[in-house]
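The exercises below practise reading a protein model step by step. Please look through the sequence and the structure before starting, and try each task before reading its solution.

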Amino acid sequence: MAKSIEEKVEEHFKALLDDYEIRHFGKTEEINSSITKALREADSKSGGSGVNYPDIQLLLQNKTRRDIPVMIEAKGTKGKLEKLTPSGDIELVSGGKNPNRAVQQFAVNGALHYGLAILDEGTYSEVIIVGINGTTLEEGCVKDPEVKAYYVSQKNDRVPKELAGFDFVQMKQSNIDTFFAELDKLSLTEAEKEKLKRDKEELLEQSIKKIHQRIYDDVSIKTLLGTNEKLYLFCGLIMAGLTTEGVKPLGVDDFYSNDDHDDNDGNTVLRRTRAFLHKKNCSADKVDMVLNYLKPVFEKRDLWKPVNGESVIKSIYRQVKEDILPLLESNIHLDFTGKILNSLNDWVAIENDKLNDVVLTPRFVTTLMARITRTDMNSFVWDTCMGSSGFLVSAMEIMIEDAKKRIKDTQALNSKIENIKHNQLLGCEILGNIYILAVLNMILMGDGSSQIICGDSHIEGPKFIKSHKDTFPANVFLLNPSFSAPGKGLIFVDEALSRMQTGYGAVLIQENAGSGQGDVYAKRILEKNTLIASIHMPGDLFNGKSSVQTAIYLFQVNRPHEADDVVTFIDFSEDGYTRQNRKKSTQKVNLRNTDHALERYDEVAAICLGKKPKTSYYTEANGRVIRDTISLNGNDWTFGQHKRIDTTPTEADFKKTVADYLVWRVDAILKGEVSADV
């Protein structure tokens, strides 16, 4: 193995910094107490205790006292500048016996380790990490110096953004303002946002499964809690632990595991949950409803009594505090409630799920449906079978992103976002246990639970729309209804669309609701609304949770369907995802993007919106798109009913027929069954 020239690499770059008059600090020098504290308290590069010592440290400052720490790590061997994962990320956790190998042996990876320690401490929200390396000396000088730098910030959810073409000259004091302006331009791409969301959801799902496994394996509480009670246990611990303005975060040490009926860990959770809901401006009846569901769980003595000095509540909260709360408090919106339900459903059937069709729509489908209904920042979106609010979460994300693109004034933008969250979303859910999840989901999105109603949507939805016709002019309707309801669920669509004056509605429903089994509702819907598109969905869309064949039906509201209106039918049975149903696996294993799924969903959205697609997976030429009329009876909405089968014989058909005849003839002659006369 070639001898490392790491010390010479350090000398080379320190001399360069001196030439640029950039103040730098060595391994044991202290920049300030915050940085020293961060490096001292973080795990070492070996994974244990011990102080971290970056090879070179900087603190960049501009005239407005914007301070950005710079952590620099040096190596001196070929190929040791940076180690990436197969997916292109800077590797922090390595496989094999030594999980810290990449951080220890590669310059950029070690620098990132230090940079994250700085962000963890909390004083700084941004940091620059730099890896430096070299392999060859010539007359005592480094002949082939190499450098690679990244900007890591809380605003980008700690995703390192490479500083292309980086040169230390950019850090000269005379260049600082220009350099900082370049940093401010670095933001996550849509692809990076989607990847980040998937990665965080993977971590979240792993954490939830780990906690549920712990509950499942504990004989003392396995039979103590029913399925709904496990939901309430998760929700209560999370609401109690989430950061709220003006309240010190609930620490693990705040649970004293007292063996007292009035002063115990269960009451601590209930008290903090009440405070949390009040801080989120929840109405009194909503606070009371949530607490009424939580109380029977957290008042169970077996959960709060101390066992070997610690209650079950405290033990589980420790896992929630370490593994789940940091993910939920990031600026990436996660499908939290879906992960809980899916985890519980791996072990036992969700109570009442067969009766009430509790099947959660995947996020990529809720997002597709929000897109094709033309959701934007001015939309008023409602869902009368809300479940855990997946549709409203997807719609809210699209609305906020649209607002950020169109509103440049910060004050006006913040005001619009608040209005979206509080006044432009409406959801109804009849099941109390699912309703709690919806409230929590929307709160995690930023206090968006104002218009989340628990009750019969046939009554509550229309009543709300009627009483708020001036302040909530509903123009986007999104739904995955109970398939056991009248018309396979089309009753909800008919009721909702009849309350809207403009806009669009999309429903994910059992496909045969549109092939004659939608009762009177399909025909009635067409009398006032136009069917724009019919999307035949993958048969395994719900991945073991349901085997029902579904379709998305897209409507334009308040325009009666005419006999010569052309409907776009799309065969979306191949959506680019490969699914399996391994009980204890996470979505990353059970749902894999194996064939350009993101691009395929973009293409289907473009087709429905009348835009030019960037790809061509679904075209009339390949038979996956059909444009055709329908009857006004509401019984021919499915792709299969419009698929044309060409029975015209081709030359290939003729050749095959002749070949089959000749094979038979020769075989018959050899057997003496016919003569060989020509």
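**Exercise 1. Two phenylalanines**

Task: For Phe166 and Phe168, decide whether the residues are buried or exposed, and then work out why the pair of rings counts as edge-to-face.

Solution: Begin with the surroundings, keeping in mind that this is a predicted model: both Phe166 and Phe168 are buried. Next, take the distance between the ring centres, which is 5.1 Å, and compare it with the limit for a pair, which is within 6.5 Å. Then take the angle between the planes, which is 75°; because planes over 60 degrees apart count as edge-to-face, the pair of Phe166 and Phe168 receives that name.

**Exercise 2. A pair within a helix**

Task: Classify the aromatic pair formed by Tyr661 and Trp664, and explain why the two residues are separated by about one helical turn.

Solution: First, locate the residues: they are three residues apart in helix α24, which covers residues 651–670, and so about one helical turn separates them. Second, consider the rings of Tyr661 and Trp664, which lie 5.8 Å centre to centre with 40° between the planes, an arrangement that is tilted. Third, check the exposure: Tyr661 has a relative accessible area of 44% and is partly exposed, while Trp664, with 47%, is also partly exposed.

**Exercise 3. Rings in a cluster and charges over rings**

Task: Find which residues are linked by ring pairs into a cluster that includes Tyr617, and state which residue lies over the face of Tyr617.

Solution: Start from the total, which comes to 18 aromatic pairs. Ring pairs then join Phe364, Phe572, Tyr577, Tyr601, Tyr617 and Tyr618 into a cluster. Turning to the face of Tyr617, one finds Arg600 over it, at 4.2 Å from the ring centre. Another arginine can be examined in a similar way: the charged end of Arg23 sits over the ring of Phe25, 3.9 Å from the centre of that ring.

**Exercise 4. Positive phi angles**

Task: Say where Asp519 is found and where His596 lies, and describe the phi angle of Asp519 and that of His596.

Solution: Recall first that most residues other than glycine have a negative phi. Asp519, although not a glycine, has a positive phi of about 60°; Asp519 belongs to the loop between β12 (504–510) and α21 (521–528), and its relative accessible area of 53% makes it exposed. His596, which is not a glycine either, has a positive phi of about 55°; the loop that holds His596 runs between β17 (591–593) and α23 (597–609), and at 43% relative accessibility His596 counts as partly exposed.

**Exercise 5. The surroundings of a buried residue**

Task: Determine in which helix Phe298 lies, and which residues Phe298 is in contact with when neighbours within four places in sequence are left aside.

Solution: Phe298 lies in helix α10, which covers residues 284–298, and its relative accessible area of 0% places it among the buried residues. With its neighbours within four places in sequence left aside, Phe298 is in contact with Tyr232, Leu233, Gly236, Leu237, Gly266, Val269, Leu270, Trp304 and Ile313. For a separation across the chain, take Leu426, which is 128 residues from Phe298 along the chain and whose C-alpha atom is 30 Å from that of Phe298.

Notes. Residues are numbered from 1 along each chain as its sequence is written. This is a predicted model: local features need pLDDT of at least 70, side-chain atom pairs count only at pLDDT 80 or more; totals for chains, interfaces and linings use all residues. Side-chain values use heavy atoms; hydrogens and water are left out. Rings of Phe, Tyr and Trp (its six-membered ring) pair if their centres lie within 6.5 Å; planes under 30 degrees apart count as stacked, over 60 as edge-to-face and the rest as tilted. Buried means under 20% relative accessible area, exposed over 50%, partly exposed in between (1.4 Å probe, protein chains only). Helices (H or I, at least four residues) and strands (E, at least two) are DSSP runs, numbered from the N terminus. A charge sits over a ring if NZ of Lys or CZ of Arg is within 6 Å of the ring centre and within 35 degrees of the ring normal. Contact means heavy atoms within 4.5 Å.
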